[in-house]
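Me: I would like to go through the charged pairs of a model with you, asking each time what the label rests on.

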Amino acid sequence: MKLMALTPFGAIPNERQLLHYSIGKKAFFHVGVNTFTDVEHGNGKEDSTLFAPTDARVDQAFDTAHALTLITDGGAELLLHVGIDTVELQGKHFELLVGAGDRVRAGDALIRFDRSAIIAADYHVITPLVVGNSDEYDLEVLATGDVKVGTPLIRLKRKEATT
Amino acid sequence: VKEIVFTVGDPLGLHARPAGNLVKLAQSFKSEGTITLERSGKCASVKRLLAVMGLGVKGGDRITLLVKGEDEEEAARAIETWLKENLG
């Protein structure tokens with residue numbers, strides 16, 4: 001039987017999409033209700049508080065109280081954002097416990113929020129931790145799945161030379 | 001140097017997600033860019049997420065972007081298009 005070269009069926013990835021595949025991926029998060037457990041993440045009984053992931057200085061604390069940025073003692077720029085699109089709540093269901101310029105230690109409470117009320121208002125409570133200057137670091141994921149407060153999540157190691 | 005003047009229409013302003021997308025777009029070009037918030041006079045590198053978020057750009061604010069570098073033409077066009085489509 002003679003084999004023929006397959007012609008692409010449907011869409012062909014463009015240059016930009018192909019580039020996307022060449023970029024290293026460290027982790028993948030599914031946003032939304034888990035099909036099997038029917039809860040968004042965790043078991044719904046976790047403390048509704050955002051804690052400092054490491055020793056840092058609070059860079060910006062937004063008046064909408066749903067997010068803040070930290071600069072770690074090692075110079076990493078972190079954005080912690082409680083929920084998705086929660087800027088729209090304009091501070092409702094959120095209580096900011098720190099202010100810009102404050103020193104925080106790993107494990108300090110940063111934001112308290114009413115998890116049930118946020119979910120009831122139809123928002124996801126998944127809370128991204130973004131490294132703003134990730135191009136300056138090598139990132140290693142140390143834990144996945146359910147973690148407790150105090151469990152090391154990622155390790156950032158500054159690259160030798162950056163552009 | 002290319003200049004873009006833009007008024008933010010989105011009432012939520014340049015919050016985390018649009019800021020992240022803008023920074024990611026800017027980082028895909030070689031050119032450097034600064035974004036200045038007219039209301040406060042503060043400016044920030046358009047390639048730095050925390051700096052852009054720190055401007056606190058709100059709905060109705062006017063911002064000026066200066067783009068400079070070898071691909072400034074292309075970068076400025078892409079950023080202007082993105083602003084119009086996402087924050088117009």
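Reply: What follows takes a few salt bridges in turn, bearing in mind that this is a predicted model.

Me: Why is the contact between A:Asp73 and A:Arg103 called a salt bridge?

Reply: The closest N and O atoms of A:Asp73 and A:Arg103 are 2.9 Å apart, and because the criterion asks for a side-chain nitrogen of Lys or Arg within 4 Å of a carboxyl oxygen of Asp or Glu, the pair qualifies. A:Asp73 sits in the loop between β3 and β4 of chain A and A:Arg103 in strand β6, so the bridge ties together parts that are 30 residues apart in sequence.

Me: What makes the pair of A:Asp85 and B:Arg17 a link between chains?

Reply: Their side chains meet in a salt bridge at 2.4 Å, N to O; A:Asp85 belongs to the loop between β4 and β5 of chain A, whereas B:Arg17 belongs to helix α1 of chain B, and therefore the pair joins two chains.

Me: How do you know whether B:Asp61 and B:Arg39, which form a salt bridge, are buried or exposed?

Reply: B:Asp61 has 9% relative accessibility, and since buried means under 20%, B:Asp61 counts as buried. B:Arg39 has 53%, and exposed means over 50%, so B:Arg39 counts as exposed.

Me: And why is A:Asp85 called partly exposed?

Reply: Its relative accessibility is 30%, which lies between the cut-offs of 20% and 50%, so A:Asp85 counts as partly exposed.

Me: Which residues are linked in a network of salt bridges?

Reply: A:Glu77, A:Glu136, A:Arg158 and B:Arg48 are linked in this way, and the structure holds 13 salt bridges over all chains.

How values were computed. Residues are numbered from 1 along each chain as its sequence is written. Chains are lettered from A and ligands numbered from 1 in the order in which they are written. This is a predicted model: local features need pLDDT of at least 70, side-chain atom pairs count only at pLDDT 80 or more; totals for chains, interfaces and linings use all residues. Side-chain values use heavy atoms; hydrogens and water are left out. Helices (H or I, at least four residues) and strands (E, at least two) are DSSP runs, numbered from the N terminus. Buried means under 20% relative accessible area, exposed over 50%, partly exposed in between (1.4 Å probe, protein chains only).
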